[in-house]
Amino acid sequence: MIVVRDLSVRLDGHLIVDRVDLDVAEGEWVTIIGPNGAGKSTALRAVGGVLPFHGSVRLGGDPVERLPRRERAKIVATVMQSPVVPPGMHVLDYVLLGRTPFIPPLGRESASDLAAVDEVLAALDLADMSGRRLDTLSGGERQRVFLARALAQGPRILLLDEPTSALDIGHQQEVLDLVDRLRTERGLTVLATMHDLTIAGEYAERMVLLAGGRVVAAGTPAEVLTEELLAAHYRVRVRVIDGDHGPLVVPVRR
Amino acid sequence: MTPVGRTGTVRPRPAGLRPWWLVAGVLAVAVALVAGIAFGPVSLPPGSVAVELLNLIPGVRMDSGLTEREIAIVTELRLPRVVLGLLVGAMLALAGAAYQGVFRNPLADPHLLGVAAGAGLGVTAVIAGRASTSDVTANLPIGVPLAAFAGALIAVALTWVLGSAGGRARTPATLILAGVAVSAFLSAAQTFLLQRHVDAMREVYSWLLGRLGTAGWHDVLMVLPYAAVTGAIVLSRRRELDVLTVGDEEAASLGLHPQRSRYLLIVAASLATAAAVSVSGLIGFVGIIVPHTLRLLAGPSYRSILPLSVLFGAAFLALTDLLARTVAGQAEIPIGVVTAFLGAPFFVLVLRSTKAVAP
């Protein structure tokens, strides 16, 4: 579903992502991990088509840069790390923004757009909140609304940039369980970036470890989350313990 | 029947122009039109004025009870002035709302990118030139409106070029900063010119403070094409402005060309402002106060703010003009003074009485 070959991205003259190869099969969940500044978010944005890059990114077979923007927006939806919360905007209107690629430039939302929004709101248990103002919701509620907006695009691919960084551990699990459920129900392909290694490993089927813009390890969580790899690239001492859903990474004081 | 959600609460509807707001806006314009024509040195019965306005529609013929002379006052003197006020008010309020959306800045006003300073310099140059060597330049083919229009557009173009200077990408922030620099420079040039031609000061100031005084059908016909074209462009982009509130990158991921939308809106709003300034001088406050009042009362969606700004901006300026020419007897107060005088306290009132403060 996602095929990335030789992806390089320069921002302001600096090479941030350096010849990255990445594959995500249809319906798979792949999480990119790596220390701060490794290029995780930049790689994700390039895959989403919102950054210029060198190399090739194919989504469902099509080169992302050749897809017309509106067509691209129907295939791939992104939840950014900290999305702008427009002041005063209601949940319903925010989720309806996800239907933008379906609404003709001079037209208005159709009944099917509203039906799609209703369906997503119900699926994410947000129906009762649709009349609330987004800027009055809690962090966990907002994250669900951001996800709802992305799902309203009816995408086949979901890109999640640090989807849980603003949440407490309870809400982290809630949101990721939700994503996993939607992935199964809707056959979504998920590519995410995450900081919390244990949680990342529990949900991803495969992981890619980036450091200095390059892929330094890729494979199952058990293959990537090893004490040696993490020590080398995060410069941290950790103990990795076997858990029910993947390795548990515990930092240990030096 | 109102659709009811699972919990029994009224199901919310998507933001957009609500019919009752549209009706209120049209009513406001109608009231401003009739009142603006009926009241003045010679007051006419508003009912008769309304009938006489209906008579302008082809095929309608009713007796208004007005004399020939009174009908002439309505159609030849007051109607063009009121219509000009409606057009200028609509353009300024719409341009202000568009700028606020494009720059995501609640303080953006139609004069943000140097329009006021450019127009001011253009007008000062023409008036000062005329005053100093009256025989040679008095009949220059360039009049005050054209000088204002040209000056405004040159200033915006300059801001545009400077906004990307140094090879950096043009962003809303660099454009606003370039606008500040261009305005400061052109204002200094204007002050310099005025200092050397003190005799022109009075005429320049009367223009700077805004007026609809010399309005005839000529002025109306001059701005009408700009109002129509820029109005259509800005209004057709109202949904895009709503999408732009989530930021450029997200707007791009939703299928928009944020830069393209933004530039088109800036060009249209600047053109509308330049056209308005060229016939009315510098009228402040309309472009900030009208959109913000509507934002507070009718919600933050540009799908309602933009069309309502057209209607209420028009009505506001036409009514302000009525006050400007009636409250002080024969002496007319500059309309820019009245807009600020009325607008500022009214805005404070709205700000204090609404809980939902959205920039």
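How many of the 14 residues of helix 5 of chain A are buried? Let's select that helix and find out.

**Before you click**

This is a predicted model, in which local features need pLDDT of at least 70 and side-chain atom pairs count only at pLDDT 80 or more, while totals for chains, interfaces and linings use all residues. Residues are numbered from 1 along each chain as its sequence is written, and chains are lettered from A and ligands numbered from 1 in the order in which they are written.

**Stop 1: helix 5 of chain A**

Select residues 139-152 of chain A. Helices here are DSSP runs of H or I with at least four residues, strands are E runs of at least two, and both are numbered from the N terminus. The answer to the opening question is 11 of the 14, so helix 5 of chain A is largely enclosed by the rest of the structure. A residue counts as buried with 20 or more other C-beta atoms within 10 Å of its own, as exposed with 12 or fewer, and as partly exposed in between, the C-beta atoms being placed from the backbone. Among the buried ones are A:Arg142, A:Arg144 and A:Arg149, along with A:Phe146 and A:Leu147. Now add the cover, which includes strand 6 (76-79), helix 3 (91-96), helix 4 (111-123), strand 7 (157-161) and helix 6 (169-186) of chain A. From first C-alpha to last, helix 5 of chain A reaches 20 Å, close to the 20 Å expected at 1.5 Å a residue (the rule multiplies 1.5 Å by one less than the number of residues). Just after this helix, look at A:Gly154, whose phi is positive, near 60°.

**Stop 2: all of chain A**

Zoom out to see nine helices and 12 strands in chain A. Its C-alpha atoms fill a box of roughly 55 × 40 × 35 Å along the principal axes. Of the 254 residues in chain A, 46% are buried.

**Stop 3: where the chains meet**

Show both chains: 25 residues of chain B are in contact with 27 residues of chain A. Contact means C-beta atoms, placed from the backbone, within 7 Å. Helix 11 (residues 248-253) of chain B supplies four residues, the largest share of chain B's side. For the whole model, ipTM is 0.91 and pTM is 0.88.

**Stop 4: the largest nonpolar core**

Select A:Val95, B:Met91, B:Leu94 and B:Ala272, the residues with the most contacts inside the largest nonpolar core, which has 185 residues. Such a core is a set of buried Ala, Val, Leu, Ile, Met, Phe, Trp, Tyr and Cys residues joined through C-beta atoms within 7 Å. Helix 3 (residues 68-102) of chain B gives the most to this core, with 19 residues. Centre on B:Leu94, and its partners include B:Val234, B:Ala272, B:Leu306 and B:Val310.

**Stop 5: helix 15 of chain B**

Next, select residues 335-353 of chain B. The end C-alpha atoms of helix 15 are 27 Å apart, which agrees with the 27 Å that its 19 residues should span. B:Ile335, B:Gly336, B:Val338 and B:Thr339 are buried here. The buried residues of helix 15 pack against helix 13 (286-298) and helix 14 (302-326) of chain B.

**Stop 6: colour chain B by confidence**

Finally, colour by pLDDT, the predictor's confidence in each residue, from 0 to 100. Chain B averages 85, and 90% of its residues score at least 70. Confidence in chain B is highest in helix 1 (residues 19-38), at a mean of 95, and lowest in helix 5 (residues 134-137), at 46. Residues 1-8 of chain B stay under 50, and the model has eight contacts beyond four places in sequence for them.

Definitions and conventions
Contact = placed C-beta atoms within 7 Å.
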